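Take a look at the model below and follow the strands as they pair. The walk starts at one bridge and widens from there.

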Amino acid sequence: MPQPRHYFVMDGQGNGRSDYTIEATGDIDQVEGQLGGVPVSKDAHDRVSGSTVNGTVWAQADGYRVYGGLKSIEVENPDHVQVHTGEIAAPQDSSGEHCEVTVRAEKVEFIEGQGLGEGALELQIEHDIHGAQSENTSTKLPTGATKNLGASIDNFEVPVGGTLNKQLTTKVTEREVPADWFTGHPDHGSATMDLSLECGEPQTVSQNVRINSDRDNPGEVKVYYTIGDLSG
């Protein structure tokens, strides 16, 4: 029997609604409960037909398991929907000697700005697990705000009772936009930390990233990660 290869969560943000369409190369199943660590539910507005989904999301989240590869995702109102994606690991044998641990970027917090002229930071964030996968996220972070990211980076098999050690580098680029009081070249910053991946309850870790500036007014953000079994 074929196994699902990917999952997708359409997570509604705040008030309003958005229609969306997902097309894959294989069948799609809708999920109710937990998927990728996000609570998901079914409703009558979501129509699954073979390898195509036509759905609508409000303030909650819709979740799907996909057999085969992804062809396309179209979102009517991208500002209202955060898309969480990830791979579903192949089933392990029944020995119970391993668990699956996911590393996911959860949110980014504004710590310090880069001058009075910048009402928000236009951020491109790369989450790079050394020797494994990396993921890129983009967000506009107003002064003093925290924004959700919800990006799964990679999954790992970890021995039960053991530890798998990895390193994670968070690279942040703050892009200049014409609306800023001052404009100039993009500013960059990065930080690296050690990860200890273990079976058990998910844990939250974070690291601060200082963003350098050619105008002597550096900024700083804090990026939070969840580590654990997030398969639901």
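Alanine 105 has tyrosine 225 of β18 as its bridge partner. This pairing belongs to a predicted model. Further along, valine 108 stands opposite valine 223 in β18. In total, 9 bridges join β11 to β18, and the two strands run antiparallel.

β11 also pairs with β14. Here 11 bridges join the two strands, again antiparallel. One of the residues involved is histidine 98, whose bridge partner in β14 is proline 159.

Put these pairings together and a sheet appears. It is open, has 4 strands, and follows the order β14-β11-β18-β17 with antiparallel pairing. Which strands stand at its edges? They are β14 and β17; each has a single partner strand, so one side of each is left without a neighbour in the sheet. From one strand to the next, the twist averages 20 degrees.

Now turn to another sheet. It is open too, with 4 strands in the order β13-β12-β15-β16 and antiparallel pairing. Its edges are β13 (134-142) and β16 (187-197); because each has a single partner strand, one side of each lacks a neighbour in the sheet. The twist in this sheet averages 20 degrees from one strand to the next.

Look closer at β15, residues 164-175. It is joined to β16 by 11 bridges, and the strands run antiparallel. Within this pair, leucine 168 has methionine 193 of β16 as its bridge partner.

What of the interior? In soluble globular proteins, nonpolar side chains tend to be buried together. The largest nonpolar core in this model has 28 residues. Val103, Val108, Leu123, Leu141, Leu197 and Val221 touch the most other members. Two or more residues come from each of β11 (98-112), β12 (120-129), β14 (146-159), β15, β16, β17 (203-211) and β18 (219-228). β11 gives the most, with 6 residues.

Valine 221 shows how such a residue is surrounded. Leaving out residues up to four places away in sequence, valine 221 touches Val108, Glu109, Ile111, Leu121, Leu123, Leu141, Val172, Gln207, Asn208, Val209 and Ile211. Apart from this core lies another, of 11 residues. Its members include Met10, Ile28, Val53 and Tyr64.

Next, a polar side chain. Is histidine 84 buried or exposed? Histidine 84 has a relative accessible area of 7%, so it counts as buried, the cut-off being under 20%. The residue lies in strand β10, which spans residues 81-87. Its side chain makes a polar contact with the side chain of aspartate 11, at 3.1 Å. Neighbours within four places in sequence aside, histidine 84 is in contact with Tyr7, Phe8, Val9, Asp11, Val38 and Gly150.

Step back to the whole chain. How many helices and strands does the protein chain have? It has 0 helices and 18 strands. Of its 232 residues, 43% are buried. Take the contacts between residues at least 6 apart in sequence: 71% of them join residues at least 24 apart. The accessible surface comes to about 11,900 Å², and carbon and sulfur atoms account for 45% of that surface.

Definitions and conventions. Residues are numbered from 1 along each chain as its sequence is written. This is a predicted model: local features need pLDDT of at least 70, side-chain atom pairs count only at pLDDT 80 or more; totals for chains, interfaces and linings use all residues. Side-chain values use heavy atoms; hydrogens and water are left out. Two strands pair if DSSP finds at least two bridges between them. Axes are lines fitted to C-alpha atoms, for helices over the stretch in contact, and angles run from 0 to 180 degrees between N-to-C directions. Buried means under 20% relative accessible area, exposed over 50%, partly exposed in between (1.4 Å probe, protein chains only). A polar contact is a pair of N or O atoms within 3.5 Å; within protein, one must be able to donate a hydrogen and the other to accept it, and residues adjacent in sequence count only if both atoms are side-chain atoms. Contact means heavy atoms within 4.5 Å. A nonpolar core is a set of buried Ala, Val, Leu, Ile, Met, Phe, Trp, Tyr and Cys residues joined through side-chain atoms within 4.5 Å. Accessible areas come from the Shrake-Rupley method with a 1.4 Å probe; for residues, only the protein chains shown count as cover.
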